[in-house]
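Work through the exercises below with the sequence and the model side by side. Each exercise sets a task, and the solution then proceeds step by step.

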Amino acid sequence: MPNSVRGKECNRLLTSFLGKEWFLEEGAKVNIVDTTLRDGEQTAGVVFSNEEKIRIARYLDELGVDQIEAGIPVMGGDEKKCIHEIVEMGLNSSIMAWNRAVINDIKQSIECGVDAVAISISTSDIHIEYKLQTTREDVLERMADAVKFAKDQGLYVSVNGEDASRSDMDFLVEFALTAKHCGADRLRFCDTVGILDPLTTYSKISTLVNAVGLDIEMHTHNDFGLATANSLAGVYAGAKYVGVTVNGLGERAGNASLQEVVMGLKHLMGLDLKFKTEMFREVAEYVARASGRTLSPAHPIVGTNIFAHESGIHGDGVLKNPLNYEAFSPQEVGLERQIVIGKHSGTNALKAKFMEYETALTDEQAKDLLALVRAAAIDVKRPLFDKELAALYENYMKGRGK
Ligand code: MN
């Protein structure tokens with residue numbers, strides 16, 4: 001199970017923290033539930049066209065996503081039509097629709113032909129008192145009625161505990177046991193306002209797993225930048241499903257990112273889900289364009305800067321062996337390595353760059369040119385383009401009378 005990134009020392013520390021060696025039991029699997037089309041589109045200011053939704057659904061299926069949360073049928077109109085179209089595409093992924101714990105919502109989902117429903121209701125006292133303005137008993141009753149109805153229709157049912165992370169644990173256990181008793185297939189544990197940290201997550205999910213024995217899905221938000229970390233902590237505690245969005249798109253600071261979770265499971269936890277990760281950059285760009293949310297160059301896993309090396313020490317190290325400064329290879333996520341020539345570059349990187357154009361620099365030429373490169377990069381306050389390097393080289397050679 002351990003791989004190149006997660007070394008022996010890390011395993012030892014993890015084992016002493018968990019009190020046991022961490023492993024996934026024989027035949028068990030971690031499933032990825034993508035909600036780019038539901039929670040992702042719920043991001044303030046984001047709207048996908050139906051064509052874009054269809055394209056995204058196809059991408060998700062191709063990547064290897066187990067279940068696609070396609071939208072909210074009770075919204076009607078285009079939304080409902082599009083969910084139906086996605087069902088009709090005959091993808092490998094299960095298609096799930098989102099519902100309140102309301103029978104009519106579920107009827108709308110059934111009309112779309114989905115095989116799975118998420119039935120959502122708040123479990124925290126703050127939501128029960130101020131949002132739903134009702135009682136815990138009423139929450140249990142509404143959820144039970146909705147789950148029984150959906151199960152009678154032969155649907156796969158995820159019961160979503162909205163604001164689960166801020167819920168009283170005894171009540172959440174009661175809620176989950178009731179859901180299980182009514183036939184629910186899993187509990188979606190929602191960190192709705194993104195206030196968890198990995199250690200607290202581990203403790204809460206362990207408690208649920210031990211007390212309830214129902215499959216658990218992590219649904220984490222990124223308000224403190226911990227969505228992916230919390231999802232992985234949930235998996236360590238026994239969660240078998242992780243809810244994600246492409247690029248971490250989602251309300252406020254977003255959801256756990258599909259790319260981060262899949263690569264984290266693979267490289268940090270040794271769970272290779274056999275996703276087509278080499279499509280990650282292409283899919284990231286598509287969703288960035290469709291959502292109007294540009295990817296920052298430093299975006300984890302898929303940003304353009306993830307495999308760009310400029311500093312002399314790093315550039316030289318990567319040229320000697322990429323593993324010196326890269327956690328995984330750029331090809332794995334559809335990116336390319338770039339040795340950027342700029343203020344911090346060294347002579348080895350400069351020589352390698354010129355070799356791309358079949359020009360072998362001598363040590364002396366490389367040293368002279370590097371001084372010119374540094375001056376130019378400081379001047380323009382950025383690294384240099386290849387054609388700028390070529391111009392510097394030409395001038396330099398002319399100046400030497402050649
Ligand atoms: Mn959410």
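**Exercise 1.** Locate Gln 133 among the helices, and decide whether Gln 133 is buried or exposed.

*Solution.* Helices (H or I, at least four residues) and strands (E, at least two) are DSSP runs, numbered from the N terminus. With that numbering, Gln 133 sits in the loop that runs between α6 (125-131) and α7 (136-152). For the second step, buried means under 20% relative accessible area, exposed over 50%, and partly exposed in between, with a 1.4 Å probe and protein chains only. Gln 133 has a relative accessibility of 65% and therefore counts as exposed. As a last step, look at the backbone: most residues other than glycine have a negative phi. Gln 133, although not a glycine, has a positive phi of about 50°.

The structure is a predicted model, in which local features need pLDDT of at least 70 and side-chain atom pairs count only at pLDDT 80 or more, while totals for chains, interfaces and linings use all residues. Residues are numbered from 1 along each chain as its sequence is written, and side-chain values use heavy atoms, with hydrogens and water left out.

**Exercise 2.** Describe how α14 and α15 pack, and place Glu 358 and Phe 354 in relation to these helices.

*Solution.* Begin with the axes, which are lines fitted to C-alpha atoms, for helices over the stretch in contact, with angles running from 0 to 180 degrees between N-to-C directions. Helix α14 (residues 347-355) and helix α15 (residues 363-380) meet at an angle of about 100°, and their axes are 9 Å apart. This makes α14 roughly perpendicular to α15, since angles of 65 to 115 degrees count as roughly perpendicular. The contact (heavy atoms within 4.5 Å) involves Thr 347, Leu 350, Lys 351 and Phe 354 of α14, and from α15 residues including Asp 363, Ala 366 and Leu 369.

Next, the loop between α14 and α15 holds Glu 358, which is exposed with a relative accessible area of 73% and has a positive phi of about 55° although it is not a glycine. Phe 354, by contrast, lies in helix α14 and is buried, with a relative accessible area of 7%. Leaving aside residues up to four places away in sequence, Phe 354 touches Thr 359, Leu 361, Leu 369, Leu 389 and Tyr 393.

**Exercise 3.** Which residues are the protein donors of the manganese ion, and which parts of the chain does the pair Asp 39 and His 221 tie together?

*Solution.* Donors are N, O and S atoms within 2.8 Å of the metal (3.2 Å for Na, K and Ca), and water is not among the atoms, so sites may look incomplete. The protein donors are Asp 39 (OD), His 219 (NE2) and His 221 (NE2), at 2.0 to 2.3 Å from the manganese ion. Asp 39 belongs to helix α2 (residues 36-40) and His 221 to the loop between β7 (215-220) and α10 (227-236), so this pair ties together parts that are 182 residues apart in sequence. Both Asp 39 and His 221 are buried.

**Exercise 4.** Find where Glu 332 lies, and decide whether Glu 332 is buried or exposed.

*Solution.* Glu 332 occurs in the loop between α13 (312-320) and β10 (338-339). With 16% relative accessibility, Glu 332 counts as buried. Beyond residues up to four places away in sequence, Glu 332 touches Met 263, Lys 266, His 267, Thr 277 and Glu 278.

Note on methods
Angles under 35 degrees count as roughly parallel, over 145 as roughly antiparallel, 65 to 115 as roughly perpendicular and the rest as oblique.
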